[in-house]
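Reader: I am new to reading protein models and would like some help with this one. Could we go through it together, one question at a time?

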Protein chains: 2
Amino acid sequence: MDNNKIISSAVIRRLPRYYRYLGELMEGGIQRISSNELSTKMKVTASQIRQDLNNFGGFGQQGYGYNVKSLYDEIGKILGIDHTHNMIIIGAGNLGQAIINYKDFEKRGFIIKGVFDNDMKLEGKTISGVLVRMTDKMTEFIMENNIEIVALTIPKKCAREIGKIVADAGVKAIWNFAHTDLNLPDDVIVENVHLSESLMRLSYTIANKSK
Amino acid sequence: MDNNKIISSAVIRRLPRYYRYLGELMEGGIQRISSNELSTKMKVTASQIRQDLNNFGGFGQQGYGYNVKSLYDEIGKILGIDHTHNMIIIGAGNLGQAIINYKDFEKRGFIIKGVFDNDMKLEGKTISGVLVRMTDKMTEFIMENNIEIVALTIPKKCAREIGKIVADAGVKAIWNFAHTDLNLPDDVIVENVHLSESLMRLSYTIANKSK
């Protein structure tokens, strides 16, 4: 793989989907697949698949197809999930709980080390085995436990303040569910999940399809 | 607006963000804004803003800027949120509850008419005032209540089956949180929220930034 090459964000958006399909093929005991077969399954063109994977040096052999397991492993490496990431959740509401309970994240190497909230009634309780701590302990915890990723599942009004605190504590990346832009320095990676915006795209499609 | 023009999905992805910023400007009592000022706030270039909005006929006047309220209303119309949409949630777990409790959706016109689950213990209970019904009542409810949108917050193993049932019942659009492709006919609109994939994009960025 050419480390200096800039990969388009569209390709990066598609990589996890390749990873998912390859994982399902492996579960189904399939060891080898052609780009044409993968194309039919994933409903994208075979040339798109070849082009996307060529960004990383290409993994197929002409007339031979892809080795499912090794392509899966390679994409896992590219996605940075060939090793674990320590993560905390800030906000122990329904959304925070949903993330803790979703066991797939841990399977992918995202280890939830703790959950933080400012509701004193929750202090010391556990959610699926994860201890709830108060937000004033956040900075210390992040530093002592080598926390790389913070999931922010809190209302937007306090999101920027909390975002700044965790960035100052050394967190590399924020998975932001609060419906606001965090406005952090550029070296902090932010991946937004704005559910309202997703729902508006849905209604846009409804409105423009029925015309 | 030219109805025959095809708007790129990148523009559509950005529209809800314009809408959010304009809403915040209105809340702050600001009536008029130039593309340069909006550009600084939103951290996109002014020319990008002008280009994006020109897709819909452009709403600004040279040297005069945009009227915040009327641009907000126009974008609301384009996004199809100038009228209400009836919605149900399938899956009364944490994620389903988070969606019900998030009051912003209703403010945008997405009216949650009911929540469905197959856990008999939940039958007849309410979540934030929304009654939980059993999934065998789904089809009838969709037909009788003019349900346009279904949010699927269930595990992937039953998502395709449920997706097919609600599509057959006449639902136009599915907001799919299950981590699988639904494989429905093309006339059913599907907007996926795949949290695992979002988290993998985050780890991709971490992996490729620290190189």
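Author: Gladly! Keep in mind that this is a predicted model. A good place to begin is a contact between the two chains: Glu197(B) forms a salt bridge with Arg20(A). The closest N and O atoms of this pair are 3.0 Å apart.

Reader: Which residue of chain B also meets the side chain of Arg20(A) in a salt bridge, at 3.5 Å?

Author: Let's look at where the partners sit. Arg20(A) lies in helix H1 of chain A, residues 9–27, and its partner is in the loop between E8 and E9 of chain B, so the pair joins two chains. With 3.5 Å from N to O, the residue you are after is Asp181(B).

Reader: How many salt bridges does the rule find across the interface of chain B and chain A?

Author: Searching the whole structure, over all chains, gives 24 salt bridges. For the interface of chain B and chain A, the rule finds eight.

Reader: Which element gives the largest share of the side of chain B that touches chain A?

Author: Several elements of chain B each supply at least two residues to this side, including helix H1 (9–27), helix H5 (94–101) and helix H9 (195–209). By class, the side has 30 nonpolar, 15 polar and 18 charged residues. The largest share is 15 residues, and they come from H9(B).

Reader: What area do chain B and chain A bury between them?

Author: Start with the residues: 63 of chain B are in contact with 63 of chain A. There are also 27 residue pairs in polar contact between the chains, counting pairs with both residues at pLDDT 80 or more. Carbon and sulfur atoms hold 61% of the buried area, which comes to about 5800 Å².

Reader: How far apart are the C-alpha centres of domain 1 and domain 2 of chain A?

Author: The domain assignment of chain A places domain 1 at 9–78 and domain 2 at 85–197. Between their C-alpha centres the distance is 32 Å.

Reader: What percentage of residues 17–56 of chain A is helix?

Author: An unreviewed UniProt entry lists this span as "DNA-binding region". Its end C-alpha atoms are 16 Å apart, and strand makes up 5% of the span. The helix share is 70%.

Notes
Residues are numbered from 1 along each chain as its sequence is written. Chains are lettered from A and ligands numbered from 1 in the order in which they are written. Side-chain values use heavy atoms; hydrogens and water are left out. Domain bounds come from an automatic or database domain assignment. Contact means heavy atoms within 4.5 Å. Buried area is the accessible area (1.4 Å probe) that two parts lose on being put together, summed over both. A salt bridge is a side-chain nitrogen of Lys or Arg within 4 Å of a carboxyl oxygen of Asp or Glu. A polar contact is a pair of N or O atoms within 3.5 Å; within protein, one must be able to donate a hydrogen and the other to accept it, and residues adjacent in sequence count only if both atoms are side-chain atoms. Helices (H or I, at least four residues) and strands (E, at least two) are DSSP runs, numbered from the N terminus. Ala, Val, Leu, Ile, Met, Phe, Trp, Tyr, Cys and Pro count as nonpolar, Asp, Glu, Lys and Arg as charged, and the others, Gly among them, as polar. UniProt positions are given in the numbering used here, feature names are shortened, and annotations may be inferred rather than shown by experiment.
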